[in-house]
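Good morning, colleagues. I would like to take a few minutes to present one structure, beginning with its charged pairs and then turning to strand pairing and the surface.

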Amino acid sequence: MKIRLILLLIATSLTQLARASTPVASLEIRYLPVGAMLSWSCESAEVSGFNVERSADGFAFEVISRVEADGGLTEHYSFLDTQRPGTKIYYRITSFDRSGSSSHSALAEAPATSRPTWYLAGGYSVEAKDVFEFEVEASNVNILACELLDFVGKPVLRHELLVQPGMNQLSIPVGGLAPGAYRLKVSGDDLAESLAFMKAPGDAGFAPMVRSND
């Protein structure tokens, strides 16, 4: 066990030293309800493509996807790993240039994560102008914190809502708010999601615009 740990530390150190020579930089991981989003940058016009590789121990890697390069026209790339296991794993990006040479990025360690217990299932327009309705799919009983922000990000309303296992039809009161753009941020169990919508004047109701993850 100690030998494996030492070898892993050496491998990590070598990848850090190789960072300056590899065309792939700043490999980052962002967790979404549907998987792990990998993002990296590459400014080299000589790179023809990338292999996205995953490992359970930091030594033996498997190729899980191939991403084509854009000849230097695109600097930022991403890949969503929807099949990511729940245990700790490692990622790296292997770049290939037009001569056939390859180069590994630094290792990115992804700690073990549990599956989210809830997620926003949808948001939709409503006829009533006094409430904004949305849906949450939950796997257990939970209390979600709801914060409504105006177009400059200032909090205008805070609410707590109880969810039960299954699909939950939820709503928050917005009748006293002025027409304009708002963002509803829903948080709970280390997960935060948001819905942006417009409160239209009169009886026009609400038209959700964008769903995002925080």
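A salt bridge, as I shall use the term, is a side-chain nitrogen of Lys or Arg within 4 Å of a carboxyl oxygen of Asp or Glu. Please bear in mind that the model before you is predicted. By that criterion, the structure contains six salt bridges.

Let me begin with Arg 92 and Glu 53. Their closest N and O atoms are 2.5 Å apart. This pair links distant parts of the chain, since Arg 92 belongs to strand 6, residues 89–97, and Glu 53 to strand 3, residues 47–55. In sequence the two are 39 residues apart. Are these partners buried or exposed? Arg 92 has a relative accessible area of 17%, and Glu 53 one of 7%. Buried means under 20%, so both residues fall into that class.

The next pair is Glu 62 with Arg 54, whose side chains form a salt bridge at 3.3 Å from N to O. Here the partners fall into separate classes: Glu 62 is partly exposed, at 42% relative accessible area, whereas Arg 54 is buried, at 13%.

I come now to Glu 147 and Arg 158, where the closest N and O atoms of the salt bridge are 3.0 Å apart. Glu 147 is in strand 11 and Arg 158 in strand 12, residues 155–163, so this salt bridge ties together parts that lie eleven residues apart in sequence. Arg 158 is exposed, with 59% relative accessibility. To return briefly to Arg 54 and Glu 62, salt bridges with shared partners join these two residues and Asp 81 into one network.

I turn to strand pairing. In what order do the strands of the open three-stranded sheet run? The order is 1-2-5, and the pairing is antiparallel. Strand 1, residues 24–32, and strand 5, residues 76–81, are the edge strands, each pairing on one side only. On average, and ignoring direction, neighbouring strands of this sheet are turned by 20° against each other. Between strand 1 and strand 2, residues 35–42, there are seven bridges. Across this antiparallel pair, Val 24 stands opposite Cys 42 of strand 2.

Finally, the surface. Which residues make the nonpolar patch of about 290 Å²? They are Val 141, Ile 143 and Leu 162. Of these, Ile 143 lies in strand 11, residues 142–150, the strand that also holds Glu 147.

Thank you for your attention.

Notes:
Residues numbered from 1 in each chain as written. Predicted model: local features only at pLDDT ≥ 70, side-chain atom pairs only at ≥ 80, totals over all residues. Heavy atoms only, no water. Patch = residues over 30% accessible without salt bridge, like charges linked within 9 Å, V, L, I, M, F, W, Y side chains within 5 Å. Areas by Shrake-Rupley, 256 points an atom, 1.4 Å probe, with all protein chains shown as cover. Helix = DSSP H or I, 4+ residues; strand = E, 2+ residues; numbered from the N terminus. Buried < 20%, exposed > 50% of the residue type's maximum accessible area, 1.4 Å probe, protein only. Pairing = 2+ DSSP bridges. Axes fitted to C-alpha atoms, helices over the stretch in contact; angles between N-to-C directions.
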